[in-house]
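Q: Got a minute to walk through this model with me? I'd like to start with the aromatics and then hop around.

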Amino acid sequence: MRADRVFAYGAAAGLLGDLLLGDPRRGHPVAAFGRAAAAVERVLWRDDRARGALHTAVCAGGAVALGAVAARAVRTSPAASLALTGAATWAVVGGTSLAREARAVGRALEAGDVEGARARLPHLCGRDPQALDADGIARAVVESVAENTSDAVVGALVWGAVGGVPGLLGFRAVNTLDAMVGHRSPKYLRYGWASARLDDVAGWPGARLTAVLATLAGDDPRGAVRAWRADAAAHPSPNAGPVETSFAGALGVRLGGTLSYGGRVEHRPVLNGNGRAVGIHDVERAVRLSKRVSWLALGVCVAARLIAKGRTS
């Protein structure tokens, strides 16, 4: 079986597996990688960019190497190659868990249980929940769904199409490292610099594809384009900007503004300022848009892989 078909069938199986099974409660491969990366950090950490770059190279490079060795070991067996691609895709995507956590917060808000929603929000994003009212929690959920559609699904599929199993594992490793050490806290400002910059580079194509597909699949394509063009560049993240603005325009809502992370208040620009404030019902709308984008991304990535293979044959 050709490599492009292995990716097509394997990625589809992995995404379907995520839809049916979600993430395991225990023993998730990404959690295992996180523990390994934390162990490397304990050995290497210094308040120094070079040490942080070494940490990034060891952890992300190790994930890519592991994927390459595994893919090489099964290259003569189409069935094993397909199974490996499916398992790797299932391990690195997280669309079902994203939807589940978003809906859990949404149900609490619908029931008027703001405290319950605050307790659940940290499962989804790093905002300080005590600083948020019901509308603020709903906005945080919609923003998190938008950003994580790119980070947890589309970006992985893009790099899987480019690099197969090594691409899948490498992207998830880079994204996980950014979540662990890439934030601008005093401890990680220098040490996490390389992980944050590499995540920006790795996330660039997936973020743009996510924004395009959200524009096409949303309720207001023109509004999504307007919001993307007007406001994406104002966002502090080069990748979250296009994703959040396209979701905001597609859903007709206003995102951005003041938020708090780890006790640090940030005043971010308003995205799609002509939209209405986020309501509780927009949580479900964002989840549905995320699912449409995810499956469209699979189709685009598979088609791109097949076309590229056809041109080189």
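**Aromatics, helices and a few loose ends**

A: Sure, and keep in mind that this is a predicted model. As an opener, Y188 and Y191 are both buried.

Q: How many aromatic pairs are there by the ring-centre rule?

A: The count comes to two aromatic pairs. One of them is W45 with Y191: the ring centres are 6.3 Å apart and the planes sit at 40°, so this pair is tilted.

Q: Where in the chain do W45 and Y191 come from?

A: From distant parts of it. W45 is in the loop between α2 (29–44) and α3 (49–73), while Y191 is in the loop between α7 (134–181) and α8, which puts the two 146 residues apart.

Q: And the Y188 and Y191 rings, what's their geometry?

A: Their centres are 6.5 Å apart with the planes at 45°, so that pair is tilted. Put together, W45, Y188 and Y191 make up one aromatic cluster.

Q: Is W45 buried or exposed?

A: In between: W45 has a relative accessible area of 28%, so it counts as partly exposed. Y191 has a relative accessible area of 0%, so Y191 is buried.

Q: Which charged residue lies over the face of W45?

A: That's K187, at 6.0 Å from the ring centre.

Q: What about W193, what sits over its ring?

A: The charged end of R49 does, 4.4 Å from the centre of the W193 ring.

Q: Switching to helices. How far does α8 reach?

A: α8 covers residues 193–217, which is 25 residues, and its first and last C-alpha atoms are 35 Å apart. That is close to the 36 Å expected at 1.5 Å a residue.

Q: Where is the kink in α8?

A: At G203, shortly before the proline P205, and the kink is about 45°.

Q: How does the span of α3 look?

A: It agrees with expectation: at 1.5 Å a residue the 25 residues of α3 should span 36 Å, and the end C-alpha atoms are 35 Å apart.

Q: Which residues of α3 are buried?

A: G52, H55, T56, C59, A60, A63 and G67.

Q: And what do the buried residues of α3 pack against?

A: Against α2, α7 and α8.

Q: You listed C59 there. How many disulfides does the structure hold?

A: Zero. C59 has a relative accessible area of 6%, so C59 counts as buried. C301 is buried too, at 5%.

Q: Still on α3, is A68 buried or exposed?

A: A68, which is found in α3, comes out at 37% relative accessibility, so it counts as partly exposed. If you want a long-range distance, A68 and F171 are 103 residues apart in sequence and 13 Å apart in space, C-alpha to C-alpha.

Q: On to α4. What does S81 touch?

A: S81 is in helix α4 (residues 78–92). Not counting residues up to four places away in sequence, S81 touches V6, V74 and R75. At 12% relative accessibility, S81 counts as buried.

Q: Which helix holds T96, and what's T96 in contact with?

A: T96 lies in helix α5 (residues 95–110). Leaving aside neighbours within four places in sequence, T96 contacts D18, L19 and G22. T96 and L20 are 76 residues apart in sequence, with their C-alpha atoms 8.2 Å apart. T96 is at 14% relative accessibility, so it counts as buried.

Q: What about A134, which residues is it in contact with?

A: L109 and V114, once neighbours within four places in sequence are left aside. A134 lies in helix α7. A134 and E115 are 19 residues apart in sequence and 9.2 Å apart in space, C-alpha to C-alpha.

Q: Last topic, backbone angles. What's the phi of N272?

A: Near 60°, a positive value in a residue other than glycine.

Q: Why flag that?

A: Because most residues other than glycine have a negative phi.

Q: Where does N272 lie?

A: In the loop between β2 (264–271) and β3 (276–277). N272 has a relative accessible area of 12%, so N272 is buried.

Terms used: Residues numbered from 1 in each chain as written. Predicted model: local features only at pLDDT ≥ 70, side-chain atom pairs only at ≥ 80, totals over all residues. Heavy atoms only, no water. Helix = DSSP H or I, 4+ residues; strand = E, 2+ residues; numbered from the N terminus. Expected span 1.5 Å × (residues − 1). Bend = angle between axes of the 7 residues up to and from the residue. Phe/Tyr/Trp six-rings, centres within 6.5 Å; stacked < 30°, edge-to-face > 60°. Buried < 20%, exposed > 50% of the residue type's maximum accessible area, 1.4 Å probe, protein only. Lys NZ or Arg CZ within 6 Å of the ring centre and 35° of its normal. Disulfide = S-S within 2.5 Å. Contact = heavy atoms within 4.5 Å.
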